[in-house]
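Please open the model in your viewer and keep the selection tool at hand. We will go from one selection to the next, pausing at each to say what is there.

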Amino acid sequence: MGEWEGSEGKREEFAQRLVSWFSANGRDFPWRRERDPFRVLVAEKLLQQTTYGHVLKAYGAFFEKFPDARALAAAEVSDIEAAIRGLGFQRQRARQLKELACSLVAEHGGAVPSDKGALLRLSGVGEYVASAVLCFAFGMDEPIVDINVRRVVGRLFGWRGLKDNEIAERLRQMIPPGRGREFNWALIDFSALVCSRRPKCRKCPLSDLCPSAEAGGAT
Ligand code: SF4
């Protein structure tokens, strides 16, 4: 067991500093102001495999046209496709969004469930999106793991070779109670802006806690 894994105090320090860093440096996106579960769910689907800039261009008009699951379920695939033009794989994504909306209508009367098992049974919803909805829409302290989070915790904690659910359980212990949104957004932004593929260790607010700092964040 490495020093980081064994030191609860350092894990707390990490979480507190990360959240503080986010309050000064975090990014503001329209989907981060959303609490409506349908919008949060669809936003997460739109954000998959595309850039934030492309989603920003389509975001407002998309929800004007399809404000809820029933509207999206009733739409023609070609209309959905037109609304997400520029995101890539439009045809395939449009079909998936319609299927997702249809499953919400058929199984939940158009509402988004707040139960992880039910979310995972929806068409096209995997672990990342389900966790994001629980956290960002329903305010649960649910950890979210993706390749970028894996990179950060690998460098900071030496958590390598772990499955996503194992990392998630460790992160769950570190989320300051009631601050899951900020914690997850902080990790997303920190992994994009500081501990990126080419880490900016000299500007990193956690460098004194990080065993990879001297190696320039080499993984
Ligand atoms: S010191 Fe470097 S490798 Fe460590 S967390 Fe900061 S940016 Fe990442």
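Begin by selecting helix H2, residues 8-25, together with helix H12, residues 180-193, in this predicted model; the axes of H2 and H12 are 9 Å apart, and the two helices pack at an angle of about 75 degrees. Because angles of 65 to 115 degrees count as roughly perpendicular, H2 is described as roughly perpendicular to H12.

Now show the residues through which these two helices meet. On the H2 side, select Ala15, Leu18, Val19, Trp21, Phe22 and Asn25, and on the H12 side select Glu182, Phe183, Trp185, Ala186, Leu187, Asp189, Phe190 and Leu193. If you colour this contact by class, you will find 11 nonpolar residues, one polar residue and two charged residues.

Keep H12 selected and add helix H10, residues 147-157, whose axis comes within 9 Å of that of H12 and crosses it at roughly 80 degrees. This angle makes H10, too, roughly perpendicular to H12. Here Asn148, Val149, Arg151 and Val152 in H10 meet Leu187, Phe190, Ser191 and Ala192 in H12, and by class the contact has five nonpolar, two polar and one charged residues.

Next, centre the view on Leu187, a residue of H12 that takes part in the contact with H2 and also in the contact with H10. Which residues does Leu187 touch, leaving aside its neighbours within four places in sequence? They are Leu18, Val149 and Val152.

From Leu187, widen the selection to the largest nonpolar core, which has 55 residues, and in which Val133 and Leu187 are those with the most contacts. Helix H9, residues 127-137, gives the most to this core, with eight residues. Domain 1 and domain 2 both give residues to the core, so it lies between them.

Finally, colour the model by domain: the domain assignment gives domain 1 as 3-26 + 142-209 and domain 2 as 30-137. The C-alpha centres of these two domains lie 27 Å apart, and nine residues of domain 1 are in contact with eight residues of domain 2. On the side of domain 1 that touches domain 2, the largest share, four residues, comes from H12, the helix with which this tour began. The residues of that side divide into three nonpolar, two polar and four charged.

Notes
Residues are numbered from 1 along each chain as its sequence is written. This is a predicted model: local features need pLDDT of at least 70, side-chain atom pairs count only at pLDDT 80 or more; totals for chains, interfaces and linings use all residues. Axes are lines fitted to C-alpha atoms, for helices over the stretch in contact, and angles run from 0 to 180 degrees between N-to-C directions. Angles under 35 degrees count as roughly parallel, over 145 as roughly antiparallel, 65 to 115 as roughly perpendicular and the rest as oblique. Two residues are in contact if their C-beta atoms, placed from the backbone, lie within 7 Å. Ala, Val, Leu, Ile, Met, Phe, Trp, Tyr, Cys and Pro count as nonpolar, Asp, Glu, Lys and Arg as charged, and the others, Gly among them, as polar. Domain bounds come from an automatic or database domain assignment. A nonpolar core is a set of buried Ala, Val, Leu, Ile, Met, Phe, Trp, Tyr and Cys residues joined through C-beta atoms within 7 Å. A residue is buried if 20 or more other C-beta atoms lie within 10 Å of its own, exposed if 12 or fewer, and partly exposed in between; C-beta atoms are placed from the backbone.
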